[in-house]
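User: I would like to learn how the words used for a protein model follow from their definitions. Could we go through them one at a time?

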Amino acid sequence: MLIVMSTQATPEEIGEVAARAESLGLQAHPIHGQQRLAIAVTGMRESLNPMVFETLAGVIEVIPLTLPYTLVSREAKAEDSVVMVGSVPVGGPHFAVMAGPCAVEGREQILTIAAAVRRAGAHILRGGAYKPRTSPYSFQGLGREGLEWLHEAGRESGMPVVTEALDERSLDVVCQYADMVQVGARSMHNYPLLKACGRARLPVLLKRGMGSTVEELLLAAEYIVSEGNRAVVLCERGIRTFAEHTRFTLDLSAVVAVQRLSHLPIVVDPSHGTGKRHKVVPMARGAAAVGANGLLIEVHDDPGHALSDGQQAILPEELAELLQQLPVILPLTGKTLAPRATSATSA
Ligand code: PEP
Ligand code: MN
């Protein structure tokens with residue numbers, strides 16, 4: 001339910017709406033639009049009664065919302081959200097490239113790749129230290145030590161860093177070292193983790209589950225935002241289909257669907273979305289052409305020896321070439337490459 005306040009509403013009147021909501025066991029979330037203030041009220045559907053609010057001073061209109069999610073919807077906020085990752089804006093007209101290895105494998109490895117992706121033009125450094133691997137016998141990541149090196153590599157190269165948290169315990173560690181926390185495809189339905197991310201101080205990169213609908217993705221984002229953290233970037237990373245020519249099927253139409261339904265930015269991961277190196281750059285160009293807000297790409301300087309996902313990692317040179325091509329495509333969608341961080345921004 002959305003309560004539209006008069007432009008002349010006083011702070012007391014706004015406070016009264018919030019207090020009334022809270023007295024009914026509901027939550028009030030102010031949404032500052034370009035023209036006016038609206039208050040989204042969330043809670044159990046049965047308790048959402050517009051009549052309670054219609055007569056309060058300063059209220060212009062109470063709009064019952066039709067979608068199952070509220071805070072992330074365009075019904076609640078028409079303008080695109082821009083999420084700051086360190087000093088890099090993601091969303092709206094800004095197109096940001098997050099790049100780096102699947103996993104941090106060692107200090108030299110991450111420092112070298114960080115310098116290479118920065119030279120290629122990337123905005124944000126990625127690298128996993130807690131890896132959700134399909135097999136328990138695959139490399140599981142270096143944990144805290146990996147995060148220390150990722151943090152150092154981000155600082156050295158002048159890029160904010162994004163890395164995955166698998167559970168609440170690793171989230172606490174990630175929050176000490178990173179500028180953005182990734183919730184992986186396998187964790188999209190981990191509701192305690194989503195809620196913990198909602199209470200964290202970092203922006204969140206939320207990946208679509210490989211068997212999840214767009215509605216389920218947006219409801220997962222609603223879990224995070226409803227706990228108070230509005231800095232959420234969605235990520236399309238491919239879904240499971242019958243196709244055998246590709247590891248997953250990269251669903252670029254999800255970008256278009258999400259942008260109609262939600263104000264949150266959405267980036268595309270053509271690395272996990274295809275699982276094959278030769279498909280990554282063409283699908284990245286496709287993602288830019290459909291209007292995505294950025295890319296998440298796995299890059300390795302020695303993919304043949306990578307400890308995870310080497311088969312889908314592109315070389316730094318290939319990333320550099322892609323970054324040269326993006327300014328040809330992006331004007332078609334009204335976007336430009338985001339400004340890059342000028343100095344280290346890691347916490
Ligand atoms: C990753 O980004 O390295 C990763 C594990 O991605 P996903 O959760 O999409 O499989
Ligand atoms: Mn990976």
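User: What makes up the shell around ligand 1, by class of residue?

Analyst: By class, the shell holds seven charged, three polar and three nonpolar residues, where Asp, Glu, Lys and Arg count as charged, Ala, Val, Leu, Ile, Met, Phe, Trp, Tyr, Cys and Pro as nonpolar, and the others, Gly among them, as polar. Please keep in mind that this is a predicted model, in which local features need pLDDT of at least 70 and side-chain atom pairs count only at pLDDT 80 or more, while totals for chains, interfaces and linings use all residues. Residues are numbered from 1 along each chain as its sequence is written, chains are lettered from A and ligands numbered from 1 in the order in which they are written, and side-chain values use heavy atoms, with hydrogens and water left out.

User: Which residues are the closest to ligand 1, and how many surround it?

Analyst: There are 13 residues around ligand 1, and the closest are R126, A185, R186, K207 and R237; a residue is near a molecule if one of its heavy atoms lies within 4 Å of it.

User: What makes the approach of Q182 to ligand 1 a polar contact?

Analyst: A polar contact is a pair of N or O atoms within 3.5 Å; within protein, one must be able to donate a hydrogen and the other to accept it, and residues adjacent in sequence count only if both atoms are side-chain atoms. An N or O atom in the side chain of Q182 is 2.9 Å from an oxygen atom of ligand 1, so this pair meets the distance limit. The side chain of R186 offers an N or O atom at 2.8 Å from a ligand 1 oxygen, and a backbone N or O atom of A185 lies 2.7 Å from one. The protein covers 97% of the 300 Å² of accessible area that ligand 1 has on its own, with areas taken from the Shrake-Rupley method and a 1.4 Å probe.

User: Why are C102, H272, E298 and D309 called donors of the manganese ion (ligand 2)?

Analyst: Donors are N, O and S atoms within 2.8 Å of the metal (3.2 Å for Na, K and Ca), and sites may look incomplete because water is not among the atoms. The atoms SG of C102, NE2 of H272, OE of E298 and OD of D309 lie 2.0 to 2.3 Å from the manganese ion, so they qualify. Their spacing in sequence is C-x169-H-x25-E-x10-D. C102 belongs to the loop between β7 (94–100) and α3 (107–120), and H272 to helix α9 (residues 270–274), so the pair ties together parts that are 170 residues apart in sequence; helices (H or I, at least four residues) and strands (E, at least two) are DSSP runs, numbered from the N terminus.

User: How do you know whether C102, H272 and D309 are buried or exposed?

Analyst: Buried means under 20% relative accessible area, exposed over 50%, and partly exposed in between (1.4 Å probe, protein chains only). C102 has 5% and therefore counts as buried, H272 is buried at 11%, and D309 is buried at 14%.

User: Why is D167 called partly exposed?

Analyst: Its relative accessibility is 33%, so D167 counts as partly exposed, and its place is in the loop between β9 (161–164) and α5 (168–177).
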